[in-house]
Amino acid sequence: MTQIVLSLSELDLLPGMRDALRISGRPVPLRGGYRAALRVRRAHANGAPCRAGSGVTILRYVSTRGEAPVLGFSDVLLAGLARDGGLYVPETVPTLSHDDIRALRGLPYAQVATRVMLPFLGGEILEADFARLVEDAYAGFDHKAVTPLRQLDSDLWLLELFHGPTLAFKDVALQLLGRLFDYVLTQRGERVTIVGATSGDTGAAAIEACRDRGAIDIVILHPNGRVSEVQRRQMTTVPSANVHNLAIEGTFDDCQDLVKAMFNDAAFRDEMRLSAVNSINWARIMAQAAYYVYAAVQLGAPDREVRFAVPTGNFGNVYAGYLARQMGLPVAGFAIGTNENDILARFFGADDMSVRPVRPTLSPSMDIQVSSNFERLLFDLYDRDGRATAEAMRGFRETGRLGVGENRWRAAADLIKASGVDDAQTLEEIAATHAATGELLDPHSAIAVRTAREHAIAGIPTIALATAHPAKFPDAVEKATGVRSALPARLADLLEQEERATVLPNDLPAVQGFVRKAARG
Ligand SMILES: Cc1ncc(COP(=O)(O)O)c(C=O)c1O
């Protein structure tokens, strides 16, 4: 196999290189036989960990269960879940030196994000192309800072992650993910049909991320009449030809079962080239790590330590913070907040990871018992031993209880403090923060703020993550404060726009027939 190896300076000197790598007018992906493996810094070549900020890494991804093929970034992006049921993680985590972090001061969000993420691409996407994708992903956010920080108290800050098109933190990762999918697929001359089930939020963010992308068709199933009007309209008013909404006569679980059945039908899956953008996709974690770095730098990193308080369900968001810390960001620790579905709070608080039935709460996006991204932390707790991680996961699945042993638990609990916050406490926090600062918190963000207060350490600033705009949960906000949060002006006409959705029974052949027609082949 031919490998073209160019140093960064050579690449800079060869602006026509990409054209030279075009065959029949089609761009050739910089991977496989034509991979432009960017020369790794001498330090890395000598065995030192690869450095973020340098833009030059060769990185491979391994599964947390150790049995799936080792892949490069683009394949990990498209694969989502590993073939052995595990989750992909980088073989070696790129690092940021204190000088690299200092050099981020004053840069706009997109540039910070590009520098943080670049090493994870392993040279498979050219820096200039990637920088353009990142710039474009965040250009539509309605705040110039993309993820602005607000001070709530002397040592307490709020990181607002809800300024994207669907008013949820998921936009930060998904706006980039849609563009990355499109870029990689176009280079390969391939296309996919993304299929997903939603109880509201994720579907809207995924549709916004994939709309009008030439290499993608997207079909989102929601339970007919069982999502809020705002959530439904955020999905059904998107006029793009590649966006398809299915309102299924059934529950969210029925929608999920239909999606699972389509993925389990191997012939159908291959024929339609089904793909997913769910929260276990590595690219989502990588994109979220960027806002941890951006926020910490604003508060003085690397010369001052910070803490983060994160509302958690699937453990994806807090794992992204853990990744930023592994890269070298000076994070003194994390506080995570769950709602009454408190399996993670029980684990970090008392080494009790046992599944209980899911209960509905005011923070529905965290009504979860099995947190899929937790497996990535588990892999590290087991010293990156795939077999041991797989064994632990098997035990958890069979018994509904995870035991990791005293030493591993202590290592995790020393770094991550946790609280379970019930609905009454959530409302109390929304009211108290509003009274003290005028800030309206949605219930998920209120759990973060409450948790930040409970685990505060004097002298170390805590950054609480605000994951949804208060207007997405107006009833809870109004109940706590008497104030009804209004949708931002750009969404003000949402309630008047024309909707497009097809109602179908809970019937697999009917849904498969629809997907077959929707996929443009
Ligand atoms: C608004 C909101 N907050 C918090 C979370 C929890 O994030 P994670 O699942 O990454 O832990 C979610 C997840 O869907 C969410 O939608």
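## A buried residue in strand S13

A residue counts as buried if 20 or more other C-beta atoms lie within 10 Å of its own. In this predicted model, Val306 has 23 other C-beta atoms within 10 Å, and therefore Val306 is buried. Val306 belongs to strand S13, a strand that runs over residues 306–311.

Leaving aside the neighbours within four places in sequence, Val306 is in contact with several residues, among them Ala296, Leu299 and Ala301, and also Ile460, Pro461 and Ile463. Val331 and Ala332 are contacts of Val306 too; although Ala332 stands 26 residues from Val306 along the chain, the C-alpha atoms of these two residues are separated by 5.8 Å.

## A cis peptide bond before strand S13

Ala301, which is one of the contacts of Val306, is joined to Pro302 by a peptide bond that is cis, with omega near 10°. Pro302 itself is found in the loop that lies between helix H13, residues 282–298, and strand S13.

## Two loop residues with positive phi

Leu167 is a residue other than glycine, and yet its phi has a positive value, near 65°. Leu167 is found in the loop between strand S8, residues 156–160, and helix H8, residues 170–188. Is this loop residue buried or exposed? Because Leu167 has 25 C-beta neighbours inside 10 Å, Leu167 counts as buried.

Asp212, also a residue other than glycine, has a positive phi near 60°, and its place is in the loop between helix H9, residues 201–210, and strand S10, residues 216–223. With 13 C-beta neighbours inside 10 Å, however, Asp212 counts as partly exposed, since a residue is called exposed if it has 12 or fewer such neighbours and buried if it has 20 or more.

## The surroundings of the ligand

Turning to the ligand, one finds that 15 residues surround it, and that the closest are Asn314, Gly316, Ser365, His444 and Thr467. When the residues of this shell are divided by type, 9 are polar, 5 are nonpolar and 1 is charged.

## How confident the prediction is

The chain averages a pLDDT of 89, and 89% of the residues score at least 70. Over residues 1–51, however, the pLDDT is below 50, even though this stretch has 63 contacts in the model beyond near neighbours in sequence. Where pLDDT is low, the predicted coordinates should not be read in detail.

Technical notes: Residues numbered from 1 in each chain as written. Predicted model: local features only at pLDDT ≥ 70, side-chain atom pairs only at ≥ 80, totals over all residues. pLDDT = per-residue confidence, 0-100. Contact = placed C-beta atoms within 7 Å. Helix = DSSP H or I, 4+ residues; strand = E, 2+ residues; numbered from the N terminus. Near = placed C-beta within 6 Å. Nonpolar A, V, L, I, M, F, W, Y, C, P; charged D, E, K, R; others polar.
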